[in-house]
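Biologist: Please take a close look at one part of this model for me, the charged side-chain pairs, and then work outward to the rest. Keep it informal, but give me the cut-offs as you go.

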Amino acid sequence: MLRQIYLDNAATTAVFPEVVKTMLPYFTEQYGNPSSLYEFGQSTKAAITDARARIATHLNAQAQDIYFTSCGTESDNWALKATAEAYAHKGKHIITSSIEHHAISHSAEWLEKQGFELTYLPVDTDGLIAPAELASAIREDTTLVSIIFANNEIGTIQPIAELAAIAHERGALFHTDAVQAVAHVPIDVEALDVDMLSASAHKFHGPKGVGLLYVRKGVKTRSFLHGGAQERKRRAGTENVPSIMGMAQALDICMERFDERVAHEQELRDHLIDRVLAEVDHVRLNGHRTLRLPNNANFSFEFVEGESLLLTLEQKGVLGSSGSACASGSLDPSHVLLAIGLPHEIAHGSLRLTLSEETTRADIDYTVEAIKEVVKRLRDMSPLFEDFTQGKKALSAVR
Ligand code: PLP
């Protein structure tokens with residue numbers, strides 16, 4: 001049977017078996033509605049109160065500042081839209097970056113249609129935002145700054161504490177989309193001094209369809225979903241008890257073995273990066289070499305088409321993701337790769353590989369051999385590469 005090597009953990013992760021075990025009783029035995037006054041409901045309310053407190057501890061937050069949502073996308077939409085609206089009387093200028101996940105960038109575009117003015121901060125070739133860029137973009141009427149903690153495509157980690165401090169000095173609130181960062185990078189909302197933070201359980205071995213928004217006490221974000229009085233009247237809807245319990249358990253497990261897990265992933269990530277850069281020609285690493293998620297590697301291969309690379313790697317059992325947004329029905333290269341300055345043709349030949357603690361050195365060595373073979377095969381079929389090797393045309397790779 002073909003060996004499967006799953007290297008798409010930024011897309012989603014396997015739910016830990018212990019997490020599934022924790023969730024099961026909440027479907028069939030302890031299924032009471034937390035809003036019901038009888039004990040059968042109150043015991044599930046107590047369970048989610050405990051889950052909230054455990055999650056808060058891992059983020060160094062106050063339990064009452066954690067709001068459960070249906071996913072990272074909802075948390076991002078809530079943070080951006082409801083906060084923009086709540087502070088619109090003070091100003092209608094919002095700052096974000098040019099490398100946000102669509103949950104933020106499409107919310108920002110929606111806000112523009114509602115009459116808000118948005119500034120999209122540029123990034124350098126490593127995908128880093130310069131704090132000075134934020135300082136010069138911020139204005140009297142800026143109410144909110146939202147910057148992705150760690151990029152989902154290229155893995156670059158932003159100087160969040162520094163950016164939040166600049167926003168606060170100038171009287172703006174600061175939100176960070178930490179969906180890829182939680183459980184992968186140490187997070188302390190007090191030390192970072194962020195006002196809001198989004199996370200999603202399926203990125204750290206919890207179930208899909210549950211997330212959270214941290215909202216610091218005093219931030220006047222409006223309710224995003226209207227209805228019942230759940231989540232202290234700020235997010236209506238009967239709580240997804242099994243998933244909330246699963247999210248808390250997944251984070252407990254991730255944080256319990258944080259150091260060894262991250263060290264393992266980082267060592268294998270570096271082994272992967274070093275081997276690919278040394279053994280494949282005409283390739284570049286996207287994202288910062290060290291300020292990057294411990295499990296992320298993102299490469300651009302010249303003279304190769306990302307989708308062909310992905311599909312051929314899949315035939316060898318290696319599952320990764322490409323740099324173009326074809327999942328959204330478009331063949332445009334990713335806005336993140338364009339923002340770091342890649343020309344279209346090079347952005348098209350991109351491959352993201354994201355590891356987990358289950359990934360082994362043998363998996364990485366197998367993957368590197370598969371990449372070498374597949375890249376060679378695709379280039380052998382490429383007229384562009386033939387032109388290049390015959391010296392007819394040189395491609396202008398960004399280095
Ligand atoms: N933000 C980032 C950075 C992400 O990577 C993702 C998912 O890929 C999301 C938000 C959306 O999270 P969810 O899938 O839980 O809606």
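Modeller: Let's start with two side chains that face outward: Lys 376 and Asp 380 are both exposed. For that word I use relative accessible area with a 1.4 Å probe and protein chains only: under 20% is buried, over 50% is exposed, and anything in between is partly exposed. Before going on, some housekeeping: this is a predicted model, so local features need pLDDT of at least 70 and side-chain atom pairs count only at pLDDT 80 or more, while totals for chains, interfaces and linings use all residues. Residues are numbered from 1 along each chain as its sequence is written, and side-chain values use heavy atoms, with hydrogens and water left out.

Back to that pair. Lys 376 and Asp 380 form a salt bridge, N to O 2.8 Å, where the term means a side-chain nitrogen of Lys or Arg within 4 Å of a carboxyl oxygen of Asp or Glu. Why do Lys 376 and Asp 380 sit about one helical turn apart? Because they are four residues apart in helix H14. Helices here are DSSP runs of H or I with at least four residues, strands are runs of E with at least two, and both are numbered from the N terminus. There is also a network built from salt bridges with shared partners: Arg 275, Glu 279, Asp 365, Glu 369 and Lys 372.

Two members of that network deserve a zoom. Lys 372 and Glu 279 are bridged, with their closest N and O atoms 2.7 Å apart. This pair ties distant parts of the chain together: Lys 372 belongs to helix H14 (residues 361-380) and Glu 279 to helix H10 (residues 258-279), with the two positions 93 residues apart. Lys 372 counts as partly exposed because its relative accessibility is 27%, and Glu 279 lands in that class too, at 34%.

Helix H14 has another long-range link. Lys 316 bridges to Glu 373, closest N and O atoms 3.2 Å apart. Here Lys 316 comes from the loop between helix H11 (306-315) and strand E11 (318-319), Glu 373 is in helix H14, and the two are 57 residues apart. Lys 316 has 19% relative accessibility and so counts as buried, while Glu 373, at 41%, is partly exposed. Across the model, the rule gives 24 salt bridges.

What about covalent cross-links? Zero disulfides turn up, if you take a disulfide as two cysteine sulfur atoms within 2.5 Å. Cys 71 is unpaired, and the nearest cysteine sulfur, that of Cys 254, is 19 Å away, which means too far for a bond. Cys 71 is partly exposed with a relative accessible area of 23%, whereas Cys 254 is buried at 1%.

Now the backbone. Most residues other than glycine have a negative phi. Glu 231 goes the other way, with phi near 50°. It lies in the loop between strand E8 (211-215) and helix H9 (241-256), and its relative accessible area of 6% makes it buried. Phe 303 also has a positive phi, about 65°, without being a glycine. Phe 303 is in the loop between strand E10 (296-301) and H11, and at 9% relative accessibility it is buried.

Last stop, the ligand. Its shell holds 13 residues, the closest being Thr 73, Asp 177, Gln 180, Ser 200 and Lys 203; a residue is near when one of its heavy atoms lies within 4 Å. The shell splits into three nonpolar, seven polar and three charged residues, where Ala, Val, Leu, Ile, Met, Phe, Trp, Tyr, Cys and Pro are nonpolar, Asp, Glu, Lys and Arg are charged, and the others, Gly among them, are polar. Helix H4 (residues 72-86) is the top contributor, with three residues. Thr 73 is in helix H4 and is partly exposed at 39% relative accessibility.

For the contacts, a ligand nitrogen is 2.7 Å from a side-chain N or O of Asp 177, a ligand oxygen is 2.6 Å from a side-chain N or O of Lys 203, and a polar side-chain atom of His 202 is 2.9 Å from a ligand oxygen. Of the 390 Å² of accessible area that the ligand has on its own, the protein covers 88%, using Shrake-Rupley with a 1.4 Å probe.

Notes. A polar contact is a pair of N or O atoms within 3.5 Å; within protein, one must be able to donate a hydrogen and the other to accept it, and residues adjacent in sequence count only if both atoms are side-chain atoms.
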